[in-house]
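Here is a short, friendly tour of some ring contacts and one pocket. Keep the 3D view open as you read.

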Amino acid sequence: MTIAAQGTASQGSPARQRPAGDRWRRLARPAFGLVLPVALAVAWEFVVRMGWASGRLAPPPSVIFATFVDLARTGELQRDTLVTLGRVAAGFGIGVVVATIAGAATGYSATLRRLLDPSLQALRAIPSIAWIPLFILWLGIFEASKVTLIALGVFFPVYLGLMGAIQSVDRKLVEVGRAFRLSDVAMVRRILLPAVLPAYVIALRSGLGLGWMFVVAAELMGASQGLGYLLIDGQQLGKPAEIVAAIVAFAIVGKATDWLIALTAAPFLRWEDVVRSE
């Protein structure tokens, strides 16, 4: 090998090492978020094994893991998770579509805001449990009432987030668009949409979180499948490990769906300094 080739190879090796280091850092970031829950789980396992606590009402991680394995072996865990995930997906989709239309309309038009927002704010103050008897009477005890309740929970965070984001758009940007004689469609596409997108993504994530909370109330309405049903089944049969396993399943699936929204939105938010720094 010539000296020039050796120099080229020596110069290329750091370039090859740098992407490898970046790759390890990208893998380490999600793992860093597991430090606290893993540490707490190990500590509780140690406390129970040392006999300092019985672990009967708060089972240690080893018992919860064994319960997971048993539920997965029978297929109950997969079936209940998919049923709950389907309900949340349907309710989230309906709630987001309706909330996006209402939030965009009330945020863009002061007349519509004065007409619709007071009624929507009054509806927002009604507890979710209060809707259950009415939805059962209107829609029955099956999937329609459950999905509607989840959609209701998703609606308000997305509606408020989008309406507030549109109202908080810098008026100087709007004036610039008007100075360039942009049409309403061009104004929305080139000015309003990029300005409100970060807040809209946060509103979607907040709505999804409420969707996962509302699905528990929804599955109290006579459900025979789902993670919420698994919670009630564990309570009625006196199985705390099954209850905690269902809670952990909620946490895992809920975090995975939240991560999916953040991952999908990230390419559209590359211009933000926060996104670039991550």
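## Aromatic pairs

Trp-131, Phe-135 and Trp-138 come together as one aromatic cluster. Please bear in mind that this is a predicted model, where local features need pLDDT of at least 70, side-chain atom pairs count only at pLDDT 80 or more, and totals for chains, interfaces and linings use all residues. Residues are numbered from 1 along each chain as its sequence is written, and side-chain values use heavy atoms, leaving out hydrogens and water.

Searching the whole structure gives 6 aromatic pairs (rings of Phe, Tyr and Trp, taking its six-membered ring, with centres within 6.5 Å; planes under 30 degrees apart are stacked, over 60 edge-to-face, the rest tilted). One of them is the edge-to-face pair of Phe-46 and Trp-52, at 5.6 Å centre to centre and 85° between the planes. Phe-135 and Trp-138 make a tilted pair, with 6.4 Å between centres and 45° between the planes.

## Buried or exposed

Phe-135 is buried at 6% relative accessibility, whereas Trp-138 is exposed at 58%. Here buried means under 20% relative accessible area, exposed over 50%, and partly exposed in between, using a 1.4 Å probe and protein chains only. Phe-46 is partly exposed at 44%, and Trp-52 is exposed at 58%.

## The second largest pocket

The second largest pocket (an open set of points on a 1 Å grid over the protein atoms alone, where a 1.4 Å probe fits, with protein on both sides within 12 Å along at least five of seven lines) holds about 250 Å³ of space, the volume filled by probe spheres set on the points. Its lining, meaning residues with an atom within 4 Å of a point, includes Tyr-108, Arg-113, Asp-184 and Leu-192.
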